[in-house]
Amino acid sequence: MDTKELIIDAASEVFAKYGYYKASMDKIAQASNLTKGALYYFYKNKADLFYAVVESGIHSLNRKLDEQIKNENVYKVIEQYIHICLTHPELAAIILSENLYGLDAALQQRLLLLRSGITKRLDAIIREGEKSSFLRPLNHEIVTAAFLGILGEIVRESMSGELTCGQEEIAQTVYAMLKGYVLA
């Protein structure tokens, strides 16, 4: 594992544990067993590192989704989205949140672009599912917004402790809901 990967992994854990505002470069340096200077060598500030963590998570999700899409396994696609969101709920909450929790304007803009990429990616998955007659032809924007809304609520309920079931049950339930309305 190279130094950047080590930093990203440690920062993911720290941001997930403390959230953006309570996380610090000191905590990330400690978690990565590196100096703060090493962090600043690769990332100019906490916002830059946070963006890198979110971007890395999205790229990881996209790689996993590509594998499932090749197999035309919609259940596994849903399961991957849920797994990433519940494994990194703080990051998922920020990406899925409308107000992005009052982050500074530059970071907000960068995260909005990432969120736009997620929306476009999900829209492309839906369109591909329609072409293969696996999904019913519906308004892509509404289906995408509904799915992201479901994910956002699952994350909020999970973070508050109100959601007590496991990831598998969540994935099965969301799949069953979508199957009734979206799947052909």
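A residue counts as buried here when its relative accessible area is under 20%. That cut-off is applied to a predicted model, and helix α6 is a good place to start with it.

Helix α6 spans residues 89-96 and is mostly covered, with seven of its eight residues buried. The buried set is made up of P89, L91, A92, A93, I94, I95 and L96.

Helix α6 also turns up in the walls of the largest pocket, where it is one of the elements giving two or more residues to the lining. This pocket holds about 430 Å³ of space, and 26 residues line it. Closest to the middle sit S56, G57, I58, I84 and H88, the lining residues that lie nearest the pocket's centre. Besides α6, the elements that supply at least two lining residues each are α1 (3-22), α4 (46-70), α5 (74-87) and α8 (140-160). Helix α4 puts in the largest share, with nine residues. As for chemistry, the lining of the largest pocket splits into 15 nonpolar, seven polar and four charged residues.

Moving on to another helix, L111 is part of α7, which runs over residues 105-131. L111 has a relative accessibility of 2%, so it counts as buried, the cut-off being under 20%. There is a long-range pairing to look at here too: L111 and V54 are 57 residues apart in sequence, yet their C-alpha atoms are 8.2 Å apart in space.

Key. Residues are numbered from 1 along each chain as its sequence is written. This is a predicted model: local features need pLDDT of at least 70, side-chain atom pairs count only at pLDDT 80 or more; totals for chains, interfaces and linings use all residues. Side-chain values use heavy atoms; hydrogens and water are left out. Buried means under 20% relative accessible area, exposed over 50%, partly exposed in between (1.4 Å probe, protein chains only). Helices (H or I, at least four residues) and strands (E, at least two) are DSSP runs, numbered from the N terminus. On a 1 Å grid over the protein atoms alone, a cavity is a set of points where a 1.4 Å probe fits but cannot get out, and a pocket is an open set with protein on both sides within 12 Å along at least five of seven lines; lining residues have an atom within 4 Å of a point. Grid points are joined across faces, edges and corners, and a volume is the space filled by probe spheres set on the points. Ala, Val, Leu, Ile, Met, Phe, Trp, Tyr, Cys and Pro count as nonpolar, Asp, Glu, Lys and Arg as charged, and the others, Gly among them, as polar.
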